[in-house]
Amino acid sequence: MAIAKAERLMNLALCLLGTRRPLSKRELRGSIEAYMEAGNDESFNRMFERDKDDLRELGLVIETVENLEGETGYLARRDSNRLPPVSLDAEEAAALGLAAKVWQQARLAGAASGALQKLRAGGMPEAGNPYEGQHSAIEPRIPVHEAAFEPLMLACRDRRPVVFDYRKSTAARPETRQVEPWALECWRGHWYLAGYDRERGAERVFRLSRITGKVRSRAAKYTAEVPDVVTVRETVASWAGESADRSALIRLRAGAGYPLRAKATAVHEGTDGWDELEIPYGHGLDAWLVEFGPDVVVVGPADLRADVVDRLRAVAGA
């Protein structure tokens with residue numbers, strides 16, 4: 001059984017690498033003996049989708065292309081699947097090993113381990129890890145709880161547009177968004193996706209915890225150029241008030257809101273169970289303050305207070 005599957009994967013990879021134009025499912029089924037022997041279309045489709053995912057997991061870059069007739073085709077370009085020799089010294093190898101450990105508690109655990117095995121098979125050194133044993137008491141982790149993370153990570157890797165329902169913090173209901181995903185990044189314990197929003201015709205950043213339902217991929221090419229450097233962190237930081245040019249005054253319940261206290265430029269302890277804080281005020285501060293719920297009351301400025309009230313009403317009316 002294992003030999004038959006390995007042979008089937010090899011034949012599929014050779015077909016995709018050897019073609020100069022995208023091959024449809026129909027053409028692939030007629031070219032690979034194991035697919036010809038599939039009992040019916042449903043069995044073939046399940047087998048093909050599993051094989052395609054397995055080849056991508058092994059590192060083969062498979063493009064999905066839609067022709068003028070609307071038929072979907074597949075190919076693996078040789079220039080996209082050819083890498084130069086990988087040469088790493090002991091410290092670089094150790095850094096990769098440490099990075100792989102970060103993902104062991106996340107959905108990328110299998111991919112990280114597989115990547116290390118491939119590099120070691122290619123001659124990456126295993127000994128001389130300067131980090132080994134130095135962090136035994138603290139294990140690095142990146143938590144990933146959102147179901148949208150894995151399909152978006154794969155879509156970023158394969159350059160596939162996606163469709164998902166997204167609920168903004170000010171909206172009572174989610175909206176459908178069509179996005180060309182660029183990169184994922186974690187900031188302040190939350191995962192964000194940067195990409196090109198087709199309907200709005202501009203770059204947008206989406207918080208994964210606000211994506212509802214299933215992420216659906218689309219067989220189409222990107223319509224916008226992917227920038228060389230995708231600054232997810234800088235974009236989110238500017239929306240969250242990091243590039244503040246004013247100051248806001250808030251009342252914060254005693255013993256609560258430690259992230260706000262860390263950002264405060266001045267803290268005045270109260271005697272009624274509430275403290276007054278002066279914090280930098282920039283775009284997106286209202287969304288951050290709403291996350292603290294009843295522990296925060298905005299004193300001023302008035303426009304910030306109004307924005308926070310509007311967001312709370314939207315959430316209450318959902």
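This report walks through the fold, cores, aromatic pairs and salt bridges of one protein chain.

**Overall picture**

The model is predicted. The protein chain has 318 residues, and 36% of them count as buried. Its secondary structure comes to 11 helices and 12 strands. The accessible surface is about 18,600 Å². Carbon and sulfur atoms account for 51% of that surface. Contacts also reach along the sequence: among those between residues at least 6 apart, 56% join residues at least 24 apart.

**Two nonpolar cores**

The largest nonpolar core holds 18 residues. Within this core, L12, L16, L28, Y35, F48 and L55 touch the most other members. Helix 1 and helix 4 each supply at least two residues of the core. Helix 1 gives the largest share, with 5 residues.

F48 is a good place to look closer. Leaving aside neighbours within four places in sequence, F48 is in contact with L12, K25, L28, Y35 and Y74. F48 also belongs to an aromatic cluster, together with Y35, F44 and Y74.

A second core is separate and has 17 residues. Among them are Y281, L289, V298 and L304.

**Aromatic pairs**

The whole structure contains 9 aromatic pairs. One of them joins W288 and F292. A pair of rings is described by the distance of the centres and the angle of the planes. For W288 and F292, the centres are 5.9 Å apart and the planes stand at 65 degrees. The pair counts as edge-to-face because its angle is over 60 degrees. Both W288 and F292 are buried.

**Salt bridges**

A search of the whole structure finds 23 salt bridges. Three of them are set out below, with the distance between N and O atoms.

| Basic residue | Acidic residue | N to O distance |
|---|---|---|
| R8 | D51 | 2.6 Å |
| R157 | D158 | 2.9 Å |
| R200 | E199 | 3.8 Å |

The pair of R8 and D51 links distant parts of the chain. R8 sits in helix 1 (residues 2-18), while D51 sits in helix 4 (residues 41-57). The two are 43 residues apart. Are these partners buried or exposed? R8 has 13% relative accessibility, so R8 counts as buried. D51 is buried too, with a relative accessible area of 0%.

The pair of R157 and D158 is mixed in its burial. R157 counts as partly exposed because its relative accessibility is 39%. D158 is buried, at 11%.

R200 and E199 also fall into two classes. R200 is partly exposed, with a relative accessible area of 34%. E199 reaches 51%, so E199 counts as exposed. These two residues belong to a network of salt bridges that also links E175, R177 and D197.

**R177 within the network**

R177 lies in strand 5. R177 counts as buried, because its relative accessibility is 5%. What joins the side chains of R177 and D197? The answer is a polar contact of 3.1 Å. Beyond residues up to four places away in sequence, R177 touches V162, V163, F164, Y166, K168, D197, R200 and F206. R200, a partner in the salt-bridge network, is thus on the contact list as well.

**Helix 7 and its cover**

Helix 7 spans residues 149-158. Its buried residues are F149, L152, M153, A155, C156 and D158. Which elements cover them? The cover includes helix 4, strand 4 (162-166), strand 5 (175-187), strand 6 (190-197) and strand 8 (211-217). R159 follows the helix, and the phi of R159 is positive, near 55 degrees.

**P181 in strand 5**

P181 is found in strand 5. At 0% relative accessibility, P181 counts as buried. Not counting residues up to four places away in sequence, P181 touches A155, C156, R159, R160, P161, V162, L193, A194, G195 and Y222. Two of these, A155 and C156, are buried residues of helix 7. P181 and L154 are 27 residues apart in sequence. In space, their C-alpha atoms are 9.7 Å apart.

Methods: Residues are numbered from 1 along each chain as its sequence is written. This is a predicted model: local features need pLDDT of at least 70, side-chain atom pairs count only at pLDDT 80 or more; totals for chains, interfaces and linings use all residues. Side-chain values use heavy atoms; hydrogens and water are left out. Rings of Phe, Tyr and Trp (its six-membered ring) pair if their centres lie within 6.5 Å; planes under 30 degrees apart count as stacked, over 60 as edge-to-face and the rest as tilted. Buried means under 20% relative accessible area, exposed over 50%, partly exposed in between (1.4 Å probe, protein chains only). A salt bridge is a side-chain nitrogen of Lys or Arg within 4 Å of a carboxyl oxygen of Asp or Glu. Helices (H or I, at least four residues) and strands (E, at least two) are DSSP runs, numbered from the N terminus. Contact means heavy atoms within 4.5 Å. A polar contact is a pair of N or O atoms within 3.5 Å; within protein, one must be able to donate a hydrogen and the other to accept it, and residues adjacent in sequence count only if both atoms are side-chain atoms. Accessible areas come from the Shrake-Rupley method with a 1.4 Å probe; for residues, only the protein chains shown count as cover. A nonpolar core is a set of buried Ala, Val, Leu, Ile, Met, Phe, Trp, Tyr and Cys residues joined through side-chain atoms within 4.5 Å.
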